[in-house]
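This report describes one protein model for a reader who has not seen it before. The sequence and structure come first, and the text follows.

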Amino acid sequence: MNTDELLSYAIRHFGKNSINEVKDNPNLVAFSSPITKNWFALLNLDPRNKSLNINCGDFAATIKDLPGFSASSLIKEAKWVEVSLGLSNQKIKKALEYAFKIALMSNKRPNPEKLIYIPDDPIKNGEESVYHEQKLDFKNWKRSSSAPREETNSTEEKINLNFEDTRFVPKEIKKMIESYQYSLPGFIRREKNFYLQGKLMASYEDDYEGRQSFLRYYPTYHDLTVGQARTYFTWRTKIRQNIYEKISDSYAYIYLYELLNGIGIKDSEEGLDKLINFNKNYAQRFSPEIGAYLERWIRDYIVFYNINKANNTFFVKEQDNDKKYERLLYPDQFSSHEVAENLIKLSNYKICNCPLYKKSIEKFEYLLVLIWHKILDLRNDGFDFFTSYIAYKNQMTIQLFSAAVFNHELEPQTTSYEIDQIRKYFYDKEKDTWYCESYWGLTGQKSIMGNFLHEVDREIRLRFNLGRNLKPRKIEKHYLKAIKDGIKEYQIEKQKLKQPKIEFNLSQLSTIREDAAGTRDSLLTEEELQAEQEEKEQLEEAIVDNEQEDYGLSSEEMSTIILLLKGKDLNKYLKEHHLMAAVIIDNINEKLFDEFGDNVIEFINDIPTVIEDYQEDLEDMFLKGTN
């Protein structure tokens, strides 16, 4: 009923003097008793929030639970309720008449004026009729006796059946309406009653020829009139026959709530199939708004009922978001390109300017992943770059089936549900709470990653003598060392690939060595053999003198650094002992890094050379007591 019709009806039935605007608020119209002047209704004409509030007295507590009635929004008193303007004209008129009767019977403000009835013919049998005051019994008001007897229903029956004519109400619907439990606690009453009534009507079918519209937020069976209930169950019957017809969205939501609560299905997988089919055949065709809710509810349904087969279909967006972190946490499970690509995307540094990147993207990505492995290894030492600068693990409280009428007393089919390696749902029975565990990006992520890739680029240029040198950026020393270690490992791998592959019989190795030594000795003069023996003895003595201060170096590494410090021919020693210069120099630099915080030996024109700044310190360490 629109407000113009409502005001016109009120003026005709309650009198013009009973309808007045409220002072200081032209949008409010008060309906008052012509006797007591008490308000029995208040109409809000504000276009943004039109509403009708009425005073129902002690009956308010009961009527608030009827379809179309709710707590008053204008007057916060227990006796006032709000009436939906979407109800039928007949229901709104009856509600106003009831409130009017309450106002007439109120004795809060006595008034000598009485409501009287003037007979049509004041003179009868030559005598003037005199009206005597009578008490009106509104509780026993009945229809005119001229109305057919079979059409009348008791007031109580009409209230129980939503003010509808009860002659043609199917017994199943009547039973459903009467099964509503008003005694349930308020916080579960709506959801629990919906579930119980739904189970009662799970297999009911109807063929109602009428079609009534229905508009309600969070609709339930209890909100339906008999005609609306029959409209719904007739439509649902067709849906179950795969006949999809457009109807008021509120009906569609009731059907979805049924499926979410497991009503009308044999198992959860059938329920999921029905939700998917409804989304495809109804929501996407007739109501995108329902589709938006439905896609979220389907994901909640999969988790709550522990359905594993649908993971990759309905959690695609979540899985795509998780992949960028999953690849960094578990790099061995992905290609070098995928891992490197994610590292670059999380950074604001233009790594494409790196000379090695320009020369070979494939080689750069392989090297970057080697470095990232070194970064991850530092977690064993308490340095977690990922959780400190990229993303942190978070547990967020969630509510499954939010914005739906759902019986939360139902038992979940699982307490833990895994979407991927880093996103999990779990249920705390004690707290009756669901949580979602996943990773959240940290503030400043791109800037920190930019510094990291800048240092990777800078070290690559230094180690490979590529491009111009870059100024260092701030990065913790243990992460800088990991970058250097990654580059070292890359260089060693490349060096090994360059070496020719030699196959020999190990059983003949000793014979080969003896023959080679004999051949070599036969070519040397007696003086050369004597000089070589003396040099060997001196080197062994120098190593013996330093046994207690080896700094973790092997005998070969000790010999190498002593020869370098003395300026002796290192290549000869390396060849005799079948050692690679790059490998042994890298090992020395790595083992002495904690002492110097830097490399102590570098290659100049492919010749290993002690860095001048560390020459004196190294001599004190390794040449003390030697000649």
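Are α21 and α23 roughly parallel or roughly perpendicular to each other? The two helices are roughly perpendicular, a term for angles of 65 to 115 degrees (under 35 degrees is roughly parallel, over 145 roughly antiparallel and the rest oblique). Helix α21 covers residues 555–566 and helix α23 residues 581–591; they pack at an angle of about 95 degrees, and their axes are 10 Å apart. On the α21 side the contact (heavy atoms within 4.5 Å) involves Glu556, Glu557, Thr560, Ile561 and Leu564, and on the α23 side Ile584, Ile585, Asn587, Ile588 and Lys591. By type, the residues of this contact are 5 nonpolar, 2 polar and 3 charged.

The model is a predicted one, in which local features need pLDDT of at least 70 and side-chain atom pairs count only at pLDDT 80 or more, while totals for chains, interfaces and linings use all residues. Residues are numbered from 1 along each chain as its sequence is written, and side-chain values use heavy atoms, with hydrogens and water left out.

The protein has 25 helices and 14 strands, which are DSSP runs (H or I of at least four residues for helices, E of at least two for strands) numbered from the N terminus. Of its 627 residues, 43% are buried, that is, under 20% relative accessible area with a 1.4 Å probe and protein chains only (exposed is over 50%, partly exposed in between). Among contacts with a separation of 6 or more, 62% join residues 24 or more positions apart.

Helix α17 (residues 445–464) has 20 residues, and at 1.5 Å a residue it should span 28 Å; its end C-alpha atoms are 28 Å apart, which agrees. The expected span is 1.5 Å times one less than the number of residues. In α17, 14 of the 20 residues are buried. Asparagine 465 follows α17 and has a positive phi, near 50 degrees.

Two further residues with positive phi, neither of them a glycine, lie in loops.

| Residue | Phi | Loop | Relative accessible area |
|---|---|---|---|
| Tyrosine 218 | about 50 degrees | between α6 (186–200) and α7 (226–239) | 47%, partly exposed |
| Phenylalanine 401 | near 60 degrees | between β9 (391–398) and β10 (416–418) | 1%, buried |

Phenylalanine 69 belongs to strand β5 (residues 69–71). Its relative accessibility is 3%, so phenylalanine 69 counts as buried. Valine 81 is 12 residues from phenylalanine 69 in sequence, and their C-alpha atoms are 6.6 Å apart in space.

Key
Axes fitted to C-alpha atoms, helices over the stretch in contact; angles between N-to-C directions. Nonpolar A, V, L, I, M, F, W, Y, C, P; charged D, E, K, R; others polar.
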